[in-house]
Amino acid sequence: MYCLTMRLKMLLLLIIKIGCKQHMLPFQNSSSLSPEARDTLLKSNFRLNFKRKKVKNFSIASTEDNEQGPGPWPIARGWVAMATGTLTQALARGSLFAGELGTMARNLYGPRVRMGNWNEDVYLEEELMKDFLAKRDKGQLLIQRNRRLKENLLRQMQLSVSEDGYVHYGDKVMLVNPDHPEIEAHLFLGGDLSLCMTPDEMQVHLSDDLEVPCGLSASQTKIPVGRNTFTILCAAGEVIGQVLRYGQNFRLGIAGGFEGRMLYLSSDHRTLMRSSKRSWLQEVYLTDEDSYLNCWQAAFPDPQLRLEYEGFPIPANAKILINHCHTNRGLVAHRHLFLRTYFGKEAEVAAHTYLDSHRVEKPKNHWMLVTGNPRKDSSTMLDRPEPPAEDTRALEQVAGPGAQ
């Protein structure tokens, strides 16, 4: 063991001596300098690729103990220059700390160094950018699809104006469930609710066109747009422009702001696989199939006068009942059952007849066929102000005959 230690010491001194001969030429003619100056010059100009490390149990005299100065090799204050190669590993295999090795590795790495499959990553980014640009040029991006769908569904529409006060085939109307008081108003969606088409949110992201069957809901909007403007269509060879009457079959179609396509309001019997989302009653939906499931009838709200009004023209903007011909179920708006739709919080629409204790349909089954307002300051007849004559007559009745 002693012999091995001595051999390693000699080998170390030999390497240091060889290195000093190549890099310490300025110190051979520096005998005129003081030991402190030579020591400072040695520290500032010694730039070998060696690692400085304190060596224990290595008896070499420092500059303070050596009277002849630092000598021809760089030994200063007990520190020796050790090579960081194979000799360092042989001398002291565990002398370099992990932190020092990490520092050496960080000194060799920079932000421009390419690591891993950098060439494949570059080509992948280029392909993704090309695919993105191609979809953008074709209008197939998700944000572009959503923008086009919203533009069509929320496009401003013009309702038909009724000149004689009745509803005709071919008229564009809104189906509105009028507001009525509820016992627990905070649990209900208040105001006038209009029947609207509600496409599925996931289907909207996958396709540019409307998917069938398409859902329905009741919204608080009163502005005629593409998603709530329906067209009264003929069911049995009626003429466009003919007056719609009680007990007569008709269909309700909606284009949704799109051109060249018509969806029909339909319904069918409830099954285990098909029913409304919240109430589990008979479902109401939109489809492009022309069948008897698209046929509806209008009835007078008062059951005592219902037979007398059979065959009379249906007045516009008046309360009526809309019943499905195939199932004899009334169109209903569930104000207490909310749906989270693509356009926000809305109420569920289904086909079911609700009767009170007097066998009369409840207000949730009442609907109005709202037409356009001939005035330019409002779009529908719901925005029409009350006639001043009615207000004056009410004031006169309150004041009494003595007020005149």
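## Close-ups of a predicted model

**View 1. A salt bridge between D192 and K222.** In this predicted model, the side chains of D192 and K222 come together in a salt bridge, with 4 Å as the cut-off and 3.8 Å from N to O here. The pair ties together distant parts of the chain, 30 residues apart. D192 sits in the loop between strand 4 (172–177) and strand 5 (193–198), while K222 belongs to the loop between strand 6 and strand 7 (230–234). Look at how the two ends differ in exposure: D192 counts as buried, at 16% relative accessibility, whereas K222 is partly exposed at 35%. As a reminder, side chains of opposite charge can pair when their charged atoms come close. The structure holds 7 salt bridges, and two others get their own views below.

**View 2. R136 and D137, a salt bridge out in the open.** Here the side chains of R136 and D137 meet, N to O, at 4.0 Å. D137 is exposed, with a relative accessible area of 63%. R136 comes in at 42% relative accessibility, so it counts as partly exposed.

**View 3. E283 and R274 pair up.** The closest N and O atoms of this salt bridge are 3.3 Å apart. Both partners land in the partly exposed class: E283 has a relative accessible area of 24%, and R274 is at 33%.

**View 4. Strand 10 and its two neighbours.** Strand 10 covers residues 282–287 and is mostly covered, with 5 of its 6 residues buried. Strand 9 (263–267) runs antiparallel to strand 10, and 4 bridges join them. Within that pairing, S266 stands opposite Y285 of strand 10. Strand 14 (residues 344–351) is also antiparallel to strand 10, this time with 2 bridges. Q282 has A351 of strand 14 as its bridge partner. When following the side chains here, keep in mind that in a regular strand they alternate between the two faces of the sheet.

**View 5. T231 and the residues around it.** T231 is part of strand 7. At 13% relative accessibility, T231 counts as buried. Leaving out residues up to four places away in sequence, T231 touches G170, D171 and K172, and also R251, L252 and G253.

**View 6. The second largest cavity and its lining.** The structure holds 2 cavities of 30 Å³ or more, and this view shows the second largest, with a volume of about 40 Å³. Its lining is made up of D209, L210, I254, A255, F258, R261, M262 and L263. Sorted by class, that lining has 6 nonpolar residues, 2 charged ones and no polar ones.

**View 7. A cis peptide bond at P213.** The peptide bond leading from V212 to P213 is cis, and its omega is near -5°. Most peptide bonds are trans, for context. P213 is in the loop between helix 7 (201–206) and strand 6 (215–219).

**View 8. W280, a non-glycine residue with positive phi.** Which value does phi of W280 take? Phi of W280 is near 60°, and the residue is not a glycine. Most residues other than glycine have a negative phi. W280 sits in the loop between strand 9 and strand 10. Is W280 buried or exposed? W280 is exposed, with a relative accessible area of 55%.

**View 9. N328, another positive phi in a loop.** Phi of N328 is near 60°, a positive value in a residue other than glycine. You'll find N328 in the loop between strand 12 (319–324) and strand 13 (331–341). N328 is exposed, since its relative accessible area of 56% is over the 50% cut-off.

**View 10. D383 and G372 within one stretch of chain.** D383 is in the loop between strand 15 (366–370) and helix 8 (388–399). The C-alpha atoms of D383 and G372 are separated by 9.7 Å, with the two residues 11 apart along the chain. As for exposure, D383 has a relative accessible area of 38%, which makes it partly exposed.

Terms used. Residues are numbered from 1 along each chain as its sequence is written. This is a predicted model: local features need pLDDT of at least 70, side-chain atom pairs count only at pLDDT 80 or more; totals for chains, interfaces and linings use all residues. Side-chain values use heavy atoms; hydrogens and water are left out. On a 1 Å grid over the protein atoms alone, a cavity is a set of points where a 1.4 Å probe fits but cannot get out, and a pocket is an open set with protein on both sides within 12 Å along at least five of seven lines; lining residues have an atom within 4 Å of a point. Grid points are joined across faces, edges and corners, and a volume is the space filled by probe spheres set on the points. Ala, Val, Leu, Ile, Met, Phe, Trp, Tyr, Cys and Pro count as nonpolar, Asp, Glu, Lys and Arg as charged, and the others, Gly among them, as polar. Helices (H or I, at least four residues) and strands (E, at least two) are DSSP runs, numbered from the N terminus. Buried means under 20% relative accessible area, exposed over 50%, partly exposed in between (1.4 Å probe, protein chains only). Two strands pair if DSSP finds at least two bridges between them. Contact means heavy atoms within 4.5 Å.
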